[in-house]
Amino acid sequence: MSTAPPELACPHIRLRDGARPVLLGSRCADCAEHYFPPCRSCTRCLSLKLEPCELGDRGVLWSWTIQAFLPKAPYNGGETAETFQPYGVGYVEMPSGLKVEARLTVADAAQLHIGMLMVLTLAHYGAPERVAAALTFAFEPEGGA
Ligand SMILES: [Zn+2]
């Protein structure tokens with residue numbers, strides 16, 4: 001078994017203890033608004049005093065859908081119409097109130113409902129044969145699917 005850290009396709013993730021992902025964003029020092037991905041200016045108060053922050057590793061499913069067809073460009077997952085598999089996508093409300101759009105590990109409508117607790121995890125990015133080692137973030141239902 002390899003002990004090398006996973007290759008992360010998203011730069012806005014930190015691995016706690018080398019394995020547990022946490023999202024990195026930015027927070028406005030003047031009005032406390034949070035952003036993901038991190039940014040350099042606040043659209044709420046126009047401040048340029050934004051500082052890096054951890055957004056956490058869990059939240060509440062705010063809304064969701066099932067992506068049932070291959071998205072158009074700039075989607076670059078590497079699948080083809082023949083290899084594409086439907087996936088869940090949703091907004092997860094983090095403790096700060098920020099809603100993060102993310103892929104969900106569940107693509108079954110019967111297992112998703114607004115208000116359920118979701119936990120950050122790592123998921124393969126793109127077609128496995130293309131970028132087998134690259135991982136990005138996704139949310140899964142707390143306690144597993
Ligand atoms: Zn601000």
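Leaving aside its neighbours within four places in sequence, which residues is C53 in contact with? In this predicted model, the partners of C53 are G25, S26, R27 and H34. The cysteine itself belongs to strand β5, which covers residues 50-56. C53 counts as partly exposed, because 17 other C-beta atoms lie within 10 Å and a buried residue would need 20 or more. A further landmark for placing this residue is L112: the two are 59 residues apart along the chain, and their C-alpha atoms are separated by 29 Å.

It helps to set this residue within the overall fold. The protein chain contains 10 strands and 0 helices, so that a reader following the sequence meets the pattern β-β-β-β-β-β-β-β-β-β. Along the principal axes, the C-alpha atoms fill a box of roughly 50 × 35 × 35 Å. The radius of gyration is 16 Å, which agrees with the value near 15 Å that a compact globule of 145 residues would have. Of these 145 residues, 21% count as buried. Among contacts between residues at least 6 apart in sequence, 54% join residues at least 24 apart.

Attention now turns to the interior. In soluble globular proteins, nonpolar side chains tend to be buried together. Here, the largest nonpolar core has 16 residues, and V92, A102, L104 and F139 are those with the most contacts inside it. Two or more residues of this core come from each of β6 (58-67), β8 (99-104), β9 (117-124) and β10 (134-141). F139 offers a convenient view of the packing: apart from neighbours within four places in sequence, F139 is in contact with V92, A102, L104, M118, V119 and L120.

Towards the start of the chain, a hairpin gives a clear local picture. Strand β2 (residues 13-16) and strand β3 (residues 20-28) run antiparallel and are joined by 4 bridges. R16 stands opposite R20 in β3. The hairpin has 3 residues between the strands, and D17 takes a positive phi near 55°.

Strand β2 also holds L15. Is this leucine buried, partly exposed or exposed? L15 counts as partly exposed, because 14 C-beta neighbours lie inside 10 Å. Although L15 and L122 are 107 residues apart along the chain, their C-alpha atoms are separated by 9.9 Å.

Conventions:
Residues numbered from 1 in each chain as written. Predicted model: local features only at pLDDT ≥ 70, side-chain atom pairs only at ≥ 80, totals over all residues. Rg over C-alpha atoms; globule rule 2.2 N^0.38 Å. Buried ≥ 20, exposed ≤ 12 C-beta atoms within 10 Å, placed from the backbone. Contact = placed C-beta atoms within 7 Å. Core = buried A, V, L, I, M, F, W, Y, C linked by C-beta atoms within 7 Å. Pairing = 2+ DSSP bridges.
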